[in-house]
Amino acid sequence: MIASSWELNFNRGKFLEYHWQSKPLLMRNAISQFKPPVSSHELAGMAMEEDVESRLIEYRNNEWRVHFGPFKSGDFSRDQPWTVLVQALDHYLPAVAELRKLIDFIPQWRVDDIMASYATAGASVGPHYDNYDVFLLQGSGERLWKLGQVCDDTTALLSHDELRIIDTFETAEEYLLRCGDILYVPAGIAHWGIAQTECTTFSIGFRAPRIADMVSRWTDHLLEQLGSDAFYCDAKRTMMTRPGEIQQSDLERASAQLRAALDQADSNQWFGELVTEPHYSLPQDQDDVIQALSLLKDGFQAVELAPAAKLAWQQDAKSILVFANGECQRFDTSVLPSLIILCHDWRLNASDLDTALLDNSLVALLGYLTERGVICVT
Ligand code: SIN
Ligand code: CO
């Protein structure tokens, strides 16, 4: 059975209403007959790769320790329980990227990445909380998950330079996860997983943009649009008797003028650019790009979404804004049907395309997506 044919056995509507971003949910046997897309051996191999971000965490001599990859095989011969975590595994392995399709009822642009871990019996990365929502999918073996209190930046942590371990974990619930079970943990909920046997876990993480980052992007965009010759205006002001005073009416005038300037700025493309920005940059081979572009011109069979692709779109009155790995370009609305298929199926077959659909706009879109490293052409 291939990953794309796996189905989540649970009620998506109820999940969105009662759990998403608020309450944990255990989905027992969420994927029946689940077979982990990578073995512990392959996972360890990925942690030995130069370009892949990995960490090894262990509890030794009464303290939490972290070591950073790439690792050598000798690093995995240890006398204490240990966990190796591989970041953004979905960016390298299409079979792991397929797991993202399980959560297709939440926008793909909300997905951060899939981290995978391998733990020896008894190992843990310690009690902690994350700033992102996560679906913890149990691969091989068994892991006991403890859920604890709601945390924020006031929660006391152990003093550690690299790990954010909670000082006092208050166990509220415990679940033993087996292959194919999923535990959804919203951002900010303390959790603590302890491997009961040698096991693997796939963490499908959803990161939301920070409000501070949104403000910064929005104002950057706004500043590009605002003319430098627009000034605060206080025509027809009342006479001052206390010349040093800033009056409430001065502040109200300033904020009204600010609001008017904000309303004037019509572009909101900063949002799509922000949420499709890649966190890991995968190098692109320019010869491959040139070859793919000529295939697009001379006749291609199919295009496929690259596993690390961040692709989203937004429709406005006259056109479609396409966001590809943090950049944006405007296209004719005729590209929409193909774009919807590409985002849904991660693939577009030339044979399925009506020749009328394969117009200049679509060819231009596919060229743009190729140059942005979002699609592979065959
Ligand atoms: C793990 O896989 O060991 C840790 C995952 C998590 O706590 O987010
Ligand atoms: Co976590």
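Over the ring of which residue does the charged end of Lys 146 sit? That ring belongs to Trp 192, and its centre is 5.4 Å from the charged end of Lys 146. A charge counts as sitting over a ring if NZ of Lys or CZ of Arg is within 6 Å of the ring centre and within 35 degrees of the ring normal. The model is a predicted one, in which local features need pLDDT of at least 70 and side-chain atom pairs count only at pLDDT 80 or more, while totals for chains, interfaces and linings use all residues. Residues are numbered from 1 along each chain as its sequence is written, chains are lettered from A and ligands numbered from 1 in the order in which they are written, and side-chain values use heavy atoms, with hydrogens and water left out.

It helps to begin with the whole chain. Nine helices and 17 strands are found in the protein chain; these are DSSP runs, with helices being H or I of at least four residues and strands E of at least two, numbered from the N terminus. Along the principal axes, the C-alpha atoms fill a box of roughly 80 × 70 × 40 Å. Of the 378 residues, 43% are buried, where buried means under 20% relative accessible area, exposed over 50%, and partly exposed in between (1.4 Å probe, protein chains only). Contacts (heavy atoms within 4.5 Å) often span the sequence: among those between residues at least 6 apart, 78% join residues at least 24 apart. The chain carries 31 positive and 54 negative side chains, and the centres of these two sets lie 5 Å apart. In that count Lys and Arg are positive and Asp and Glu negative, with His and the chain ends not counted; each charge is placed at NZ of Lys, CZ of Arg, CG of Asp or CD of Glu.

Back at the opening residue, Lys 146 belongs to strand β7 (residues 143-150). Lys 146 is buried because its relative accessible area is 17%. Beyond its neighbours within four places in sequence, the contacts of Lys 146 include Phe 169, Glu 173, Glu 174 and Trp 192. Glu 170 sits in the loop between β7 and β8 (173-177), 24 residues from Lys 146 in sequence and 9.1 Å from it in space, C-alpha to C-alpha. With a relative accessible area of 48%, Glu 170 is partly exposed, and outside its neighbours within four places it is in contact with Leu 147, Gly 148 and Gln 149. Another charge over a ring is found at Lys 101, whose charged end lies 4.6 Å from the ring centre of Trp 346.

Aromatic rings also meet one another, with 18 aromatic pairs in the whole structure. Rings of Phe, Tyr and Trp (its six-membered ring) pair if their centres lie within 6.5 Å; planes under 30 degrees apart count as stacked, over 60 as edge-to-face and the rest as tilted. Trp 82 and Tyr 118 form an edge-to-face pair because their planes stand at 65°, with the ring centres 5.5 Å apart. Since Trp 82 lies in strand β4 (residues 82-86) and Tyr 118 in strand β5, the pair ties together parts 36 residues apart in sequence. Trp 82 is buried at 6% relative accessible area, and Tyr 118 is buried at 9%. Phe 331 and Tyr 368 make a tilted pair, 5.7 Å centre to centre with 50° between the planes. Phe 331 is in strand β15 (residues 327-332) and Tyr 368 in helix α9 (residues 360-371), so this pair ties together parts 37 residues apart in sequence. Both Phe 331 and Tyr 368 are buried. One aromatic cluster is formed by Phe 10, Phe 15, Trp 20, Phe 105, Phe 135, Tyr 184 and Phe 206.

Trp 82 appears again in the surroundings of Thr 120, which is in contact with residues including Pro 81, Trp 82 and Glu 198. Thr 120 lies in the loop between β5 (111-119) and β6 (133-138) and is buried, at 16% relative accessibility.

The backbone offers a few further points of interest. Most residues other than glycine have a negative phi, and most peptide bonds are trans. Gly 69 and Pro 70, however, are joined by a cis peptide bond with omega about 5°, and Pro 70 is in the loop between β3 (63-68) and β4. Gln 33, not a glycine, has a positive phi of about 55°; it is exposed, at 61% relative accessibility. Ala 88 likewise has a positive phi, near 50°, and is buried, at 1% relative accessibility.
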